[in-house]
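Please follow this account with the sequence and the coordinates side by side, taking each part of the chain in turn.

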Amino acid sequence: MRDKNIWLFNAGNAFAGNPKWLFLYVQEHHPEIQCVWLCFGRKLEQKMRALGYTAYRYKSPEARRIGAKAGVYVVEQNKEKYHDYLAGITVLNLWHGVTCKKLEHAVTEGYMEEGLVAKHIRNESVYRQQLMLVTSPQQERVFCEQCKVAPENVIRAPYPNSFEKAPAATFDHDFRAAKGVGRDVKVALYAPTFRDFDRSAFFARAIPDMDALLDAAERGGWMLVLKVHPQMEKDFQFAALKQRYADDPRVLFWDNGNDFYEVMDQVDMAIVDYSSIFFDLLAHGVKRFVRYVFDYGNKDKLRDFAFDYLDVTCGEVCMTFDELLTQFALDGQTDQAELDRVFAWAWAYSRDHSVEEIVQRALAHTPDPAFALPTLHSFDVFDTVIGRTCGAPEGVFAYVEGKVRAAGSAFPSVLACDYVTARKQAEANCRELVAKTLELRGDRRTEIAFDQIFERLQDLYGLDESQVEDLKRWELEGEKLVSTPIATTIDAIKRLLAAGEDVVLISDMYLPEAFVRELLAQADPVLAGLPLFLSNVTGRQKTKKGLFLDAFHGVDYRYDTWEHVGDSQVADVDRPSELGIHAQLFQQAVPVDPYAKKATRALGSFDGYQVGALLSRMLAGCKTPEERFACGYASLYFVPYVSWCIDDALRRGIACLYFISRDGYLLKLVADAIIAARGLPLKTRYLYGSRKVWRVPSQVGEIDPEFFSSYGNFTGVTDFDSLVAASAVGESAFLALFPELAFLKEQGAMSKQERDLVVERLRDCEPYRQALLAAAERERGIAVDYLKQEIDFDEPFAFVEFWGRGYTQACHTRLLMEADARVQASTYYYARSICPSDAQNVRVNFTSNTKKMLFIERIFANMPYRTVAAYRRVDGRVEPVLEPNECVYPVFQALEDGLPRFAEQYAQLALVDADRTNRALFDFGIDYFYGNKTDEVFLRCIAPLRDSITIQGEPTEFAPPLTAKRALDRLRGRQVDTNSMRMTISRTNPLLAKALGFLDR
């Protein structure tokens, strides 16, 4: 509970103003009230104590102690800072003068604007509950409208500094004697106020000839007192005059440390302009006024008036310095009727009310503890509420570049070759012009407009109007194409709106307002109706705080707190924080990943920017090399290819794509994600098959030549056991057919030459060929039944593989023809096949890139099962028998998770040329591997993967590290089993590699 018999007072850095005179009044008339003057510095504290008063500095323990108990806090303005120990106190704002000019909320420009806005952002709840002293009905209207004072908090009474006659002598009042002049010398006061837009060099225009002014004063028997507003004391011309004429008896430069109100009644002629001191002088009985307003009507120098200045003041009007000089030769006073009229306008409440009423209202008033203003929430637009799938605006410029190229010779070749650079430079030119012509233009605009950029392009490249309109239309097209909602922010906005909170959008942006609203509506209709403050509309930017000031005025600020969210540290955090806004950095935007940047550069297109931005977003969330591999590297081998397969299948009228194991497992995950993201009418199924279960059963009527070829069933045979397995007839039948080969069983390893001779012997043996056909017939039934079970032969279908000669397809096609007589040929998709299409095998190839894809085969092989070893019948169904496999599980798991996530995002990109982009992105992925094999990601996620490229071979790592023995073999010139010696050496113990000299090679 605060004690209403303890009052605190402050009037800035001086013992002055209305707080001073109320302080004296309370001291004299209310001894029960303890009065304490709060000071910012030790000098004033010492002065107050020397006068016999209680005074403490704000930050002192004494001020904190008594401030926590005090009941009333008397001030003369809306204070910039309210110390925490003053929370809940009754604030009595006596103001500092009758106003002609606009105040507080109504100040929308000038150097004072930022400070006024900042203090309202910090203290609006205090201001809305404070008591405010007003002196007339006209002043009451201004303070209620422009300071947002509630009518019930208005105190109607006179100003203490003009109507309280308590004795005060804090300095020597005989300033004539101090200057050595007699009492008969008349006092002329010149009290100009500061100019909001002209705070320096004012005196050079106001007093162009000081000697002439003082001569005129001396001839008329006047002493000039020059009292300036504290804001003007730094005027360099004033400082020069003060130094030069300090000892001149004709002029006194008033020390603002001394309260002029103590001697105001000594003024005989007041030379004034727009200061409220005019009304105080009037209240103190001054009878002659000269209004020296040489800059009247100059909007570039003056703040707006709340009233007609000439109507609400009185006295002779001097528009020039020469007219001012003539006033010193005249006597008399201002017309009394005019003095009475203006007095009534300014001081109407002084007739029926007294200073005591101020005291009583303060004693009776207690702030409402339940009073609460709402919170204002603002959000940046671009990269906070909506994003671009292409990342930076340059991606949109690349879209326009594509349109320019398509337009052919209509545009200058320089734009067709590099419109992106031209567009960026044109914008930079416009920004430079705006920044460097502020003084010449005489306005406050710091932002450029959309049309200005294209006017610059038109001027630079000689474009006609239709070309300019095309460029603008294409850019807006591109922006709309890549605009994407940021769900987390939009959801947060919706929650705030549902809770009744106020939300506005604030953005530094050159795009037209109507178009920005289109983008917002496209993201979510609820956004289109929110108040929107754009820098190109108001002319001021967030980066210079001006746009926040515009938003403050635009929302008619009435909030306790302002919360802002945006993606720029400077524009959305640093600058608003300086205004008292609680700012939070939105970290959705991610920096460009170097790998993604290379991809963008390699594609060299609008689509490339979109893909680069997607890669950056995906890679930013990766915590391990395996995740980075899946989302950024392997995704480029599979997603563009599968995306192309889907588009081609839809063009061909395919109803279902069958993905063949093992390769098809990851490919199907990708396909399902793309189909779901795009809502496509295409089915997918996973088909278990392998060389083991399709090659032999597909031998119908005769054995095809490929069965015995270098890529046929006997590839990879190294000993007797693998030879028998490849023969497909079993050991006893094999030995019965070839007893002369029984020695191989004891021999162990076979040489390549021996294997080739044995295969040739088998190929030429007709009994063996018949035995093989019999084995094929035995195995064919279950293989065909499996295909009948899994494939819907009533709809168009195709199969998806990845890489190979195409022989397995030929075997599969024969089985399909056995399964359904309607099958005349099969369609297979390949990233690349070796063999071309033939009558029975349609091979649709994605790329002509001839780089080997063995490293990609290792990715497919890294599965929990190695191959389909056979089919078996289980409860009326045919099921595959899977051969277990030991895989590098972290890599497999990362691919299972990362590939479909990338595919989903990729499918949602607004690609302009999907076919070109798919192929270019695939090529970049392949090329990047071959150019960066020692990338840590590849060493972790490719090098250790195991597989056998032949049907009978044993799995080995792609690039195993060297052991000491294998390293010595290498030095002796023997072949080391690796697919990349660079990767192998990179994985080898550094000491061993260095000792053997490998690292130097």
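In this predicted model, the axes of helix α37 (residues 766-790) and helix α38 (residues 807-819) come within 9 Å and cross at roughly 75 degrees. Because a crossing angle of 65 to 115 degrees counts as roughly perpendicular, α37 and α38 are described as roughly perpendicular to each other. The residues that meet where the two helices come together are Arg780, Ala783, Val784, Leu787 and Lys788 on the α37 side, and His812, Leu815, Leu816, Glu818 and Ala819 on the α38 side.

Helix α37 also takes part in an aromatic pair, one of the 79 that the structure holds. Tyrosine 786 and tyrosine 871 are stacked, with 4.7 Å from centre to centre and 25 degrees between the planes of their rings. Since tyrosine 786 lies in α37 while tyrosine 871 belongs to strand β28 (residues 865-874), this pair ties together parts of the chain that are 85 residues apart in sequence. Both of these residues, tyrosine 786 and tyrosine 871, are buried.

A second aromatic pair has another geometry: phenylalanine 548 and tryptophan 562 are edge-to-face, with their centres 6.1 Å apart and an angle of 70 degrees between the planes. Phenylalanine 548 comes from helix α26 (residues 546-554) and tryptophan 562 from strand β19 (residues 561-566), and the two are 14 residues apart. Phenylalanine 548 and tryptophan 562 are each buried.

The loop between α26 and β19 holds aspartate 556, whose phi is near 55 degrees, a positive value in a residue other than glycine. With a relative accessibility of 39%, aspartate 556 counts as partly exposed. Alanine 728, which is found in the loop between α33 (720-727) and α34 (731-737), likewise has a positive phi, near 70 degrees. Most residues other than glycine have a negative phi, and most peptide bonds are trans. Against the second part of that background one may set the bond between serine 661 and arginine 662, which is a cis peptide bond with omega at about -10 degrees. Arginine 662 is placed in the loop between β21 (656-660) and α31 (664-678).

An aromatic ring may also lie beneath a charge, and here the charged end of arginine 423 sits over the ring of tyrosine 510, at 5.2 Å from the centre of that ring.

Is phenylalanine 260 buried or exposed? Phenylalanine 260 lies in the loop between β10 (251-253) and β11 (269-272), and because its relative accessible area is 1%, phenylalanine 260 is buried. Leaving aside the neighbours within four places in sequence, phenylalanine 260 is in contact with Leu189, Val225, Lys227, Trp254 and Val267. The C-alpha atom of phenylalanine 260 is separated by 8.7 Å from that of alanine 16, although their positions lie 244 residues apart along the chain when counted from one to the other.

The last element to consider is helix α41 (residues 914-931), whose 18 residues should span 26 Å at 1.5 Å a residue; the end C-alpha atoms of α41 are 25 Å apart, which agrees with that expectation. The buried residues of α41 include the aromatic Phe922, Phe924, Tyr928 and Phe929, together with Thr917, Asn918, Leu921, Gly925 and Ile926.

Technical notes
Residues are numbered from 1 along each chain as its sequence is written. This is a predicted model: local features need pLDDT of at least 70, side-chain atom pairs count only at pLDDT 80 or more; totals for chains, interfaces and linings use all residues. Side-chain values use heavy atoms; hydrogens and water are left out. Rings of Phe, Tyr and Trp (its six-membered ring) pair if their centres lie within 6.5 Å; planes under 30 degrees apart count as stacked, over 60 as edge-to-face and the rest as tilted. Helices (H or I, at least four residues) and strands (E, at least two) are DSSP runs, numbered from the N terminus. Buried means under 20% relative accessible area, exposed over 50%, partly exposed in between (1.4 Å probe, protein chains only). A charge sits over a ring if NZ of Lys or CZ of Arg is within 6 Å of the ring centre and within 35 degrees of the ring normal. The expected span of a helix is 1.5 Å times one less than its number of residues. Axes are lines fitted to C-alpha atoms, for helices over the stretch in contact, and angles run from 0 to 180 degrees between N-to-C directions. Angles under 35 degrees count as roughly parallel, over 145 as roughly antiparallel, 65 to 115 as roughly perpendicular and the rest as oblique. Contact means heavy atoms within 4.5 Å.
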